[in-house]
Amino acid sequence: YFMMDEPDVERILSYPESMIGSDGLPHDRFPHPRLWGAFPRVLGHYVRERGLMPLERAVHKMTGLSATRFGLAGRGFVHPGCAADLVVFDAARVRDTATFDDPHRYPEGIVHVLVNGVTVVENGAHTGARPGRALRKA
């Protein structure tokens, strides 16, 4: 869990072709904090606090760049015909809060989340909806 060197992380994130994702496992009793914190960590720490890249570039690395690279047609962009997978966040507040001691803490600053057009987070609270599904390369 403590194998990454911060200068390496920053150098990799800064590379134009690097994508941002997470391999957090939701069924672990004590998951890595990245399960709920990977994307908010990038947006809050690396974008807002460290100024490593513009917000728009970070969002593209998390969405369109990844969807295109993995051949996930209809994902990663806000266009007619694409799945309505949307996250509304407060760029001034978004941040990860999960820790190794308390890995189940949700991030701050995530206002709304839609997955396949269904609201799963509304005003910062999970609705209980689970409309996600496994994606296969087109």
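This briefing describes helix α1 and two single residues, S66 and V118, in a predicted model. In helix α1, which spans residues 6–14, V9, E10 and L13 are buried, whereas P7 and R11 are exposed on the other side of the helix. S66 belongs to helix α4, and V118 belongs to strand β3.

**Helix α1**

- The buried residues of α1 are V9, E10 and L13, and because they cover an arc of only 95° around the axis, they lie on the same side of α1.
- Among the elements that cover these buried residues of α1 are α2, comprising residues 34–49, and α3, comprising residues 55–62.
- P7 and R11 are found on the other side of α1, where both are exposed.

**S66 in helix α4**

- S66 sits within helix α4, which runs over residues 64–69, and it has a relative accessibility of 10%, so S66 counts as buried, the cut-off for that class being under 20%.
- When neighbours within four places in sequence are set aside, the residues in contact with S66 are M19, I20, H60 and K61.

**V118 in strand β3**

- V118 is part of strand β3, which covers residues 118–122, and because its relative accessible area is 35%, V118 is classed as partly exposed, a class that lies between the limits of 20% and 50%.
- Not counting residues up to four places away in sequence, V118 touches V113, A129 and P131.
- For one of these contacts, A129, the C-alpha atom is separated by 7.5 Å from that of V118, with the two residues eleven residues apart along the chain.

Notes: Residues are numbered from 1 along each chain as its sequence is written. This is a predicted model: local features need pLDDT of at least 70, side-chain atom pairs count only at pLDDT 80 or more; totals for chains, interfaces and linings use all residues. Side-chain values use heavy atoms; hydrogens and water are left out. Helices (H or I, at least four residues) and strands (E, at least two) are DSSP runs, numbered from the N terminus. Buried means under 20% relative accessible area, exposed over 50%, partly exposed in between (1.4 Å probe, protein chains only). Contact means heavy atoms within 4.5 Å. The arc is that of the directions from the helix axis to the C-beta atoms.
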